Amino acid sequence: MRRPYLAIISLLLLTGCLVGPDYHRPDYPTPTQYRGETAETPTAPVSLGELAWWQVFEDEQLHELIRTALSENYDLRVAVARVLQARAQLIGTRANQFPFIDVSADAIYNRVEGDRPPLTSQETFRPVGSLDLSFELDLWGRLRRATESARADLLASEEARRTVVTTLVSDVATAYFQLRELDLQLEISQRTLNSRRASLRLVQTREEGGVASLLEVRQAETLLYTAAANIPDLERRIEQTENLISVLLGRNPSAIPRGRPLLQQLALPEVPPGLPSTLLERRPDIRQAEQQLVSANAQIGVARALLFPQVALTGSAGAGAIGLDGTFFGPQGLFAIGPSLTAPIFNSGQIRANVEATEAQQQAALWRYLQSIQLAFREVSDALVEYRKQREFRVQQEALTRTWRDALRLANERYEGGITSFLEVLDTERELFSAELALAQAQLAERVAVVRLYRALGGGWQLGPTPAPAPQSVRAAGAN
């Protein structure tokens, strides 16, 4: 009686064997610094990407919008559902490593009719209950490799959720900055329109007094109508941007409450990128690609284990009785347990082909992982040079705007003094208006470059702290 149990114990001791390669992180030549860093780039112990989004963005209204998006956005809800799906799949896959026990019960009634011997009416009743056991001995680690793969899929889905969060935070911030820049352009256009109305009244007065010509009146009207025509287009773009933000928030199109003006957003004198070696651990898309590689690597072990025999332990225990013409015989008992073996002999190379397919999938996952690292370094370098050059452009555009503003002052003085014609004022006014709009766009581009750098560095995936109750005025504005 001891020999069968000793054999079972010996088989169980063999379950520590694992076929297939163990995962080791591939080497990648990490640069010592990002391309785009200069001598002026600050070296700080904390990278911009390590800051939480509520530490980078200072506008409380923007905080409220991001928190709403993180709780209501549909893309993020889909990502969360995929995490739950991967978690359930992991539980289901891991369950295969443990015994399965099923219970069954039957109560079978039979009646045979007859009117002559030996066929006479006969009734039988058989109640039976059984307890069945099935347990696959994981001799080659197939089930453990499958669990390893499912666990990596779960982690990959979690990193995919973080990628969606990072993208969502940057998209909301970018759209909000664009909205505030359009508000600034609208303010500039309305201020310019009021100024040109005053200029038109002045020219009309001078024309009535015989000092100015009707042509100068028409030129002043041209300036007025140019500024007026710009306002409806800006109002259209503002409303469409509000619709975009509403969709990001998981809402129907509605008005968006404002917070700080554009010039008070992202007051960062410098943006330290940090060490390139930390990028691999911080960016969720790189971590997602690595977990996909881990999963593909484990699937090789699952496929290779099918080349070896599979041993399962099955058992059954039952009890029942039989009733014959009202008389019961029993109870009857049954107990059986023993191993079963299945080994591949001839399958036309199907199993071997499956192994080669999983190895090819692992190679593809490897190249995708290395490519994601390469693209991440490129995005950081692009964002660094974009921020630096946009900042330089904004400084030059500010100087140009100041110059045109002073030139307009001088042109008006010369015109009112009768030294020059209104055409000089017309040209200067037009150039100043264009310079002011271009400056607003440059100020937006500089802030959007910071957002892109923040995203490229892997920042913004945190869900955020528990928000404080919003003031009644803010809640009412958000409901409009």
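In the predicted model, one face of helix H4, formed by Asp-75, Leu-76, Ala-79, Val-80, Arg-82, Val-83, Ala-86, Arg-87, Gln-89, Leu-90, Thr-93 and Arg-94, meets Ala-146, Thr-147, Ala-150, Arg-151, Asp-153, Leu-154, Ser-157, Glu-158, Arg-161, Val-164, Val-165 and Leu-168 in helix H5. When the residues of this contact of H4 with H5 are sorted by character, they divide into 12 nonpolar, 4 polar and 8 charged. Helix H4 covers residues 74-94, and its axis lies 9 Å from that of H5, the two helices packing at an angle of about 170°. Because angles over 145 degrees count as roughly antiparallel, H4 is described as roughly antiparallel to H5.

Ser-157, which is found in helix H5, gives a closer view of this contact. Leaving aside its neighbours within four places in sequence, Ser-157 is in contact with Arg-82, Val-83 and Ala-86, and these three residues are listed among those of H4 that meet H5. The relative accessible area of Ser-157 is 12%, and since buried means under 20%, Ser-157 is classed as buried.

Helix H5, which runs over residues 142-208, also packs with helix H6, which runs over residues 214-248; the axes of these two helices come within 8 Å and cross at roughly 160°. This angle makes H5 roughly antiparallel to H6, and the crossing of the two helices is left-handed. The residues of the contact of H5 with H6 divide into 23 nonpolar, 8 polar and 10 charged.

Beyond H6, Gly-274 is found in the loop between H6 and helix H7, the latter comprising residues 279-282. Gly-274 has a relative accessible area of 19% and is buried, the limit for this class being under 20%. When residues up to four places away in sequence are not counted, Gly-274 touches Tyr-34 and Ser-47. The C-alpha atoms of Gly-274 and Gln-33 are separated by 8.5 Å, although the two residues are 241 residues apart along the chain.

Values for the whole chain place these local features in context. The chain contains 11 helices and 4 strands, and 40% of its 480 residues are buried. Of the contacts in the chain with a separation of 6 or more, 83% are accounted for by residues 24 or more positions apart. The accessible surface of the chain comes to about 26,500 Å², and carbon and sulfur atoms contribute 56% of this surface.

Technical notes
Residues numbered from 1 in each chain as written. Predicted model: local features only at pLDDT ≥ 70, side-chain atom pairs only at ≥ 80, totals over all residues. Heavy atoms only, no water. Axes fitted to C-alpha atoms, helices over the stretch in contact; angles between N-to-C directions. Parallel < 35°, antiparallel > 145°, perpendicular 65-115°, else oblique. Left-handed = near helix turned anticlockwise from the far one by under 90°. Nonpolar A, V, L, I, M, F, W, Y, C, P; charged D, E, K, R; others polar. Buried < 20%, exposed > 50% of the residue type's maximum accessible area, 1.4 Å probe, protein only. Contact = heavy atoms within 4.5 Å. Areas by Shrake-Rupley, 256 points an atom, 1.4 Å probe, with all protein chains shown as cover.
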